[in-house]
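Visitor: Could you take me closely through the aromatic pairs of this structure, and through what surrounds them?

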Amino acid sequence: MIYTSILKKISGGMLCGLLTLTAAAQQKPNIIIIYADDLGYGDVSCYGMKKIKTPNIDKLAKQGVRFSNAYATSATCTPSRFGILTGKYPWRQKGTGIAPGDASLIIPTDHRTLPGMLKDAGYQTAAIGKWHLGLGGKEGIDWNKSIQPGPLEVGFTYSFIMPATLDRVPCVFVENHNVVNLDQNDPITVNYQHKIGTDPTGLENPEKLRMHPDPQQGHNQTIVDSISRIGWMSGGNSARWKDADIAGTITQKAIGFISKNKQQPFFIYFASGDIHVPRYPHSQFRGKSGMGLRGDAILQLDWTVGQIVKALDSLGLTKNTMIIFSSDNGPVLNDGYLDQAVELAGTHQPGGPLRGGKYSAFEAGARVPFIVKWPAGVKGNNTSNTLISQLDLFASFAHLTGQSLQADEAPDSFDMLDQLLGKSRNSRPWLITHAGTLSLISGDWKYITPSKGPKLDRAVNIELGHDLAPQLYQLSTDVHEQKNVAEQYPEKVKALATQLEEIKSKPQSR
Ligand code: NG6
Ligand code: CA
């Protein structure tokens, strides 16, 4: 008898504890990072785009905080994605440049990642959309078997991804460990060295193309969905995507995940394929922007944001869901296909007031739109000029969800939670951007390390920011980086170069 009553007491207490835990867990906000691809600082209307409207993205800004001084770690995709998910500067690890479509996984599996940390905090965590961080081990990938390690081995509980970029083979979705809709009798082979199989290629069969590659840039290998790609693939015909359906497919997957996990905290790293090349949005958007396929892809991206917001609304999750909207790197018009982005841009400046673009050490390379919306925790109609990096999401979310970080976890991530929530305007002490060469932004100053590369990438028509001499710009008065004042302030150059070396040799966030 006594025994039973004790048991009852214990289990009653436990139940009570469990209930409290569940309630606490439910108070943690859901977090969705909507990560656009190659979207420039000036490409959406709340950041100055005049020619088309992006009402859904603008609404996020209206209801949240719009940052004017936020940066991706790099001016290209793979390293920026590595940075946001690990909280570590990509240049600290070899092999984090733009990954070929058959690269092995570049995120180490023995360290906690951002999703891994949130998983420990009780979150269900999904990677949906563009991956481009490699898959499989050093031995290479067999696309017809269980593909791992990948997202599930670095902290995600669910994944539905495009393996690399939209312009790289294999053009298939991978859900968890497997290619979606693969017919085992039509196995996939992929090669980045030489042609395989008998599929037509852009080089040999241009008459089969709906969009021509730029002869200066390649992209003329295997044709998938009437668009030639980088790399050769054969087989997997039933699994190949239709470009016009990608946005709809991944948006549906995100909404499915949200609805399945509505009772518990969830995190979605939603990486849209828009507005990377090849741009071939759904017919609902094609021809609608008046700016060609690039503008149409921006409309599709905005639609995607609207769909996710609508799903949260209808599930009653809006209030306690934090949405972060940003881009992995700056803009480019012609990135390999003759899709009229250049001809139809007109007066539009995709980098807004900033110089350069994707691939560039100048500001348009890594300074990107960055919006935070969270009705339960962030006041709307707010703007912030705080200097902040996408790297900082890791330590800030750890703070938000009550997780402590080890010294070697997210070593370059600063806790900027108050800044994310619009409660503080204190800037990061400094920040490094990366585009072949490293730049250090500290206070008002930006120092670009001397480097040997070409000044202009002729194919994409972007100034890369390379110079054999050191460059120093005063961003508050010269955001367009017109006047290199390095010779005027040699002491400043020296101090920043020394500081950069110190940060390179040792992370300094904690
Ligand atoms: C470049 C490709 C470009 C794009 C980029 C990756 C050529 C000439 N250019 O190498 O088309 O795919 O890689 O873009 O191959 S990113 O946004 O994923 O970094
Ligand atoms: Ca990109």
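Guide: What follows looks at the aromatic pairs, then at the charges over rings, and then at two helices.

The model is a predicted one, and it holds 14 aromatic pairs. One of them is formed by Phe-156 and Tyr-269, whose ring centres are 6.2 Å apart with 35° between the planes, and this pair is tilted. Since planes under 30 degrees apart count as stacked and those over 60 as edge-to-face, an angle between these limits is classed as tilted. Phe-156 belongs to the loop between strand E4 (124-130) and strand E5 (158-162), whereas Tyr-269 belongs to strand E12 (residues 266-271), so the pair ties together parts that are 113 residues apart in sequence. Both Phe-156 and Tyr-269 are buried, and together with Tyr-35 and Trp-131 they form one aromatic cluster.

Another pair is that of Phe-362 and Tyr-473, whose centres are 6.2 Å apart and whose planes stand at 70°, so this pair is edge-to-face. Phe-362 lies in the loop between strand E13 (321-327) and strand E14 (370-373), and Tyr-473 lies in strand E22 (residues 471-474), so here the pair ties together parts that are 111 residues apart in sequence. Phe-362 is buried, with a relative accessible area of 4%, and Tyr-473 is buried as well, with a relative accessible area of 3%.

The ring of Phe-362 also has a charge over it, for the charged end of Arg-355 sits 4.1 Å from the ring centre. A further case is Arg-66, which lies over the face of Tyr-47 at 4.8 Å from the ring centre.

Turning to the helices, helix H3 (residues 77-86) is mostly covered, with ten of its ten residues buried, among them Cys-77, Arg-81 and Phe-82. The elements that cover the buried residues of H3 include strand E1 (30-36), helix H4 (114-120) and strand E17 (431-435), and also E4, E12 and H7. H3 is followed by Gly-87, which has a positive phi near 70°.

Helix H7 (residues 392-401), which is itself included in the covering of H3, has nine of its ten residues buried, so it is largely enclosed by the rest of the structure. The buried residues of H7 include Asp-392, Phe-394, Phe-397 and Thr-401. Just after H7 comes Gly-402, which takes a positive phi of about 75°.

Note on methods:
Residues numbered from 1 in each chain as written. Chains lettered and ligands numbered in written order. Predicted model: local features only at pLDDT ≥ 70, side-chain atom pairs only at ≥ 80, totals over all residues. Heavy atoms only, no water. Phe/Tyr/Trp six-rings, centres within 6.5 Å; stacked < 30°, edge-to-face > 60°. Helix = DSSP H or I, 4+ residues; strand = E, 2+ residues; numbered from the N terminus. Buried < 20%, exposed > 50% of the residue type's maximum accessible area, 1.4 Å probe, protein only. Lys NZ or Arg CZ within 6 Å of the ring centre and 35° of its normal. Contact = heavy atoms within 4.5 Å.
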